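Colleague: Before I plan any bench work, I would like to go through the wording used for this model with you. Could you set each label against its definition as we go?

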Amino acid sequence: MSSSPEEISKIIKEQIKNYNSQIEMRQTGRVVLVGDGIARVYGLKDCMANELLRFEDGSFGLAQNLEEETVSVAILSTEYDIREGSQVELTGEVLSVPVGDALFGRIVDALGNPIDGKGAVDCTDRKPIESEAPGIIERQSVCVPLQTGIKAIDSMIPIGRGQRELLIGDRQTGKTEIAIDTIINQKNTDVLCIYVAIGQKSTSVAQLAHELENAGAMEYTIIVSASASDSAPLQYVAPYAGCAMAEYFREQGKDVLIIYDDLSKHAVAYRALSLLIRRPPGREAFPGDVFYLHSRLLERAACVSKEYGGGSITALPIIETQAGDVSAYIPTNVISITDGQLFLETELFHAGIMPAINPGISVSRVGGSAQLKAMKKVSGELKLLYSQYRELQSFAQFGSDLDADTKARLALGERIVEVLKQDRNSPVRPGCQVAIVYAVVNGYLNDVEVSRVKDYETALYELLENNYVPLLERFENNFYEEEDIAELKKALDEMQRAVI
């Protein structure tokens, strides 16, 4: 089918009439060097620090070093086709990730792209991964407890909403297990959870997701994964991406729990990135700003006052130590930023005491202010008695002739250790925790064989859940009056008669 000359002429005249001259200015540069996930680009004079750059193959990069002639760019992709001479253009934007309710139940990468095979994530909002931490005026003191469901933590080293509590210990001591149990315990609360896996094996992340799925916890959890096979820039970006997602919910007045597993690998990824872009190395070859790397991340966790929208982000960063050395560079840095630490000991773990928390050097600097009134009252002596037991135990093994007081303290300590032991995925409700701690501290378990403490505990929980639900609810609603103590004693006396 051919057009007549008149029609062609008419079309041309129409196009000339409606022609709108627009010149689009875009600054572009050229790659002069590429390798190990880093590209050196020439010609981007107006580039900003941390600006997002687009390569001609469609992949993105993050501007790092702004030098006189060139820009060092961290490539944010595991698969790319970038060569010397490839064109790069400025986007004028900073790196952002998708945020919103559609992310719950999903596993995403450091850029917010789904990697769980369940299709696209339907999020319309985006948020920059770097943002300013709330100022002093916007914050309020930590005053609401974050229940972990773990007796040893909720009684001796409590955590409050808006706190930053460090989980620190050697590899294979149960740090991730505590984090998972804490997520599972938020099931019937209003706390949303984000788990950031940095440098983990993909199989470990899949196993963790399966565990949370089975416990019904994935419906309020987002997993952000930058696995060991991902590049150093992606591992560096991952925790900031997770924090941006948490901030979106906090700005809506919600409470969020975020776990960074772990910041040791994050620091190693940042060191690799810094050395590749030729930043001068400092102690242990880490760059000079490695402290700022973690402080600007963890300072974003806060409890915001009601006038500024409310909401909180509670951070549980994890640090892996080498041979229990808490005085190494990265552990001391993170300890100085956080509001306390839970130290997990290899010896306790191998002795079958789980969670393997060392009460001597574990501390919560603000959680006590947020602890339930009943738990605060009954657990006052617990940490002291436990610490005394551990000290006496080391001396008692050398002496055979012990006085009655030492024997009594050792016997009580053995029962405290047995009470604080807890299996995985078995959170204990706060009211029941108050009851069992009161029982062991006040000598109700002295006549119970150590081997039968677990049976006693199970029977006590059953009795309380069947006959004393109002009492448990009063403890959980922050009541602890004389009549509550009397009713608790009545329940324990009833338990004594059943045991005898």
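Colleague: What is the handedness of the crossing of helix 14 and helix 15?

Modeller: The crossing of helix 14 and helix 15 is right-handed, a label used if the near helix is turned clockwise from the far one by less than a right angle, with anticlockwise giving left-handed. Please keep in mind that this is a predicted model, in which local features need pLDDT of at least 70 and side-chain atom pairs count only at pLDDT 80 or more, while totals for chains, interfaces and linings use all residues. Residues are numbered from 1 along each chain as its sequence is written, and side-chain values use heavy atoms, with hydrogens and water left out.

Colleague: Why is helix 14 called oblique to helix 15?

Modeller: The axes of helix 14 (residues 430-441) and helix 15 (residues 453-467) come within 10 Å and cross at roughly 130°. Angles under 35 degrees count as roughly parallel, over 145 as roughly antiparallel, 65 to 115 as roughly perpendicular and the rest as oblique, so helix 14 is oblique to helix 15. The axes are lines fitted to C-alpha atoms, for helices over the stretch in contact, and the angles run from 0 to 180 degrees between N-to-C directions; helices (H or I, at least four residues) and strands (E, at least two) are DSSP runs, numbered from the N terminus.

Colleague: Why does leucine 464 count as buried?

Modeller: Leucine 464, which is found in helix 15, has a relative accessible area of 0%, and buried means under 20%, exposed over 50% and partly exposed in between (1.4 Å probe, protein chains only), so leucine 464 is buried.

Colleague: What makes aspartate 36 exposed and asparagine 478 partly exposed?

Modeller: Aspartate 36 is at 63% relative accessibility and therefore counts as exposed, whereas asparagine 478, at 40%, counts as partly exposed. Aspartate 36 is in the loop between strand 1 (28-35) and strand 2 (38-42), and has a positive phi of about 55° although it is not a glycine. Asparagine 478 is in the loop between helix 16 (469-476) and helix 17 (482-499), and its phi is near 70°, again a positive value in a residue other than glycine.

Colleague: Why is cysteine 193 not bonded to cysteine 243?

Modeller: A disulfide is a pair of cysteine sulfur atoms within 2.5 Å. The sulfur of cysteine 193 is 15 Å from the closest cysteine sulfur, in cysteine 243, and so is too far for a bond. A search of the whole structure finds zero disulfides. Cysteine 193 is also buried, with a relative accessible area of 0%, and cysteine 47 counts as buried because its relative accessibility is 11%.

Colleague: What makes the pair of phenylalanine 475 and tyrosine 480 tilted?

Modeller: The structure holds seven aromatic pairs, and in this one the rings are 5.9 Å apart centre to centre, with 45° between the planes. Rings of Phe, Tyr and Trp (its six-membered ring) pair if their centres lie within 6.5 Å, and planes under 30 degrees apart count as stacked, over 60 as edge-to-face and the rest as tilted, so phenylalanine 475 and tyrosine 480 form a tilted pair. Phenylalanine 475 and tyrosine 480 are both buried.

Colleague: Where does the charged end of arginine 474 sit?

Modeller: The charged end of arginine 474 sits over the ring of phenylalanine 479, 4.6 Å from its centre. The label applies if NZ of Lys or CZ of Arg is within 6 Å of the ring centre and within 35 degrees of the ring normal.
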